[in-house]
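Here is my notebook from a first walk through this fold, written for anyone who is new to it. Come along and look with me.

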Amino acid sequence: METKEEQNELTIGRLLTFGAVTYLSTSPFDSYAETNVDWNQFLGTWNEIKRIDNSFQSGLSAVSATYSLQGDGTIRVTNQGLSATGETRLDGVALIPNPSVGKLKVSFFFPFFFGDYLVLRIDRQGYQTALIGGPDPNFLWVFSREKTIAPQIETEYIEYAKTIGYDTNRLLSY
């Protein structure tokens, strides 16, 4: 019979193994990630223009995500939004597995779980708009540095996402 301490060690070991598996995971959408993203220009605050609703953002509006470089080379991710009960905030960590590929591994439960965050399109002139996808067709966001986005850019991003297999019919404005 295992002691409580042994059970805790097993649980932590399993969680770390799961974290490693999710960090190393790939997705069919990886090949669509932009290359040579300037991560320094990417840092800062992005406003969510549209998203496919998901369990971890359900009920939120006026969502923004702020990315800031930490001293250890990781990126701090701060998501903020409004819910029926007021402002919410969730902090996480992002790692860049390959600096030449527009892909972050984001964890809000570091180091136990990582999700893919793919930069599918980005405004290369000023890093003002971005199309972000997840590892499957149920995770998609349109971001802008401003609270709005030019309609033609939004349409271009959504059409592109549709052509590569994202479920754009489920995109909603918040």
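**Entry 1: around Pro135.** I looked up what Pro135 touches, leaving aside its neighbours within four places in sequence, and found Ser27, Pro28, Phe29 and Asp116. This is a predicted model, so I read every contact as part of a prediction. Pro135 itself sits in the loop between E7 and E8. Is Pro135 buried, exposed or partly exposed? Its relative accessible area is 30%, so I noted it as partly exposed. I then checked Pro28: it is 107 residues from Pro135 in sequence, yet the two C-alpha atoms are 7.2 Å apart in space.

**Entry 2: Phe29 and its ring partner.** Phe29 was on the contact list of Pro135, and I wanted to see its ring. The structure holds 10 aromatic pairs. In one of them, the ring centres of Phe29 and Tyr166 are 4.1 Å apart and the planes make 35 degrees, so I wrote the pair down as tilted. Which parts of the chain does this pair link? Phe29 belongs to the loop between helix H1 (4-24) and helix H2 (39-42), while Tyr166 belongs to the loop between helix H3 (151-163) and strand E9 (171-173), and the two are 137 residues apart. Phe29 has 6% relative accessibility and counts as buried. Tyr166, at 4%, counts as buried too.

**Entry 3: another tilted pair.** Next I turned to Phe42 and Tyr67, whose rings are 5.1 Å apart centre to centre with 50 degrees between the planes, which is again a tilted pair. Phe42 is in helix H2 and Tyr67 in strand E2 (residues 61-69), so the pair ties together parts 25 residues apart in sequence. Both residues are buried. They also belong to one aromatic cluster, together with Trp39, Trp46, Tyr117, Phe139, Trp141 and Phe143.

**Entry 4: arginines over rings.** I searched for charges over ring faces. Arg145 lies over the face of Trp46, 3.8 Å from the ring centre, and Trp46 is a member of the cluster I had just listed. Arg121 lies over the face of Tyr160, at 3.7 Å from the ring centre.

**Entry 5: helix H3.** Tyr160 led me to H3, where it is buried along with Glu154, Tyr157, Ile158 and Ala161. Where do these buried residues fall around the helix? Seen down the axis, they stay within an arc of 160 degrees, so they line one face of H3. The face turned away from that side carries the exposed residues Pro151, Gln152 and Thr163. I also looked at what covers the buried residues, and the cover includes strand E1 (44-52), strand E6 (115-122), strand E7 (129-133), strand E8 (140-144) and E9. H3 has 13 residues and reaches 18 Å from first C-alpha to last, close to the 18 Å expected at 1.5 Å a residue. Just after H3, Gly165 takes a positive phi of about 115 degrees.

**Entry 6: two hairpins.** Last, I went back to E2, the strand of Tyr67. E2 pairs with strand E3 (residues 75-83) in the antiparallel sense over seven bridges, and Thr66 has Thr78 in E3 as its bridge partner. Their hairpin has five residues between the strands, and there Gly73 takes a positive phi near 90 degrees. E3 also runs antiparallel to strand E4 (residues 86-95), joined by nine bridges. This second hairpin has two residues between its strands, and the partner of Ser83 in E4 is Gly86.

Terms used
Residues numbered from 1 in each chain as written. Predicted model: local features only at pLDDT ≥ 70, side-chain atom pairs only at ≥ 80, totals over all residues. Heavy atoms only, no water. Phe/Tyr/Trp six-rings, centres within 6.5 Å; stacked < 30°, edge-to-face > 60°. Helix = DSSP H or I, 4+ residues; strand = E, 2+ residues; numbered from the N terminus. Buried < 20%, exposed > 50% of the residue type's maximum accessible area, 1.4 Å probe, protein only. Lys NZ or Arg CZ within 6 Å of the ring centre and 35° of its normal. Pairing = 2+ DSSP bridges. Expected span 1.5 Å × (residues − 1). Arc of directions from axis to C-beta. Contact = heavy atoms within 4.5 Å.
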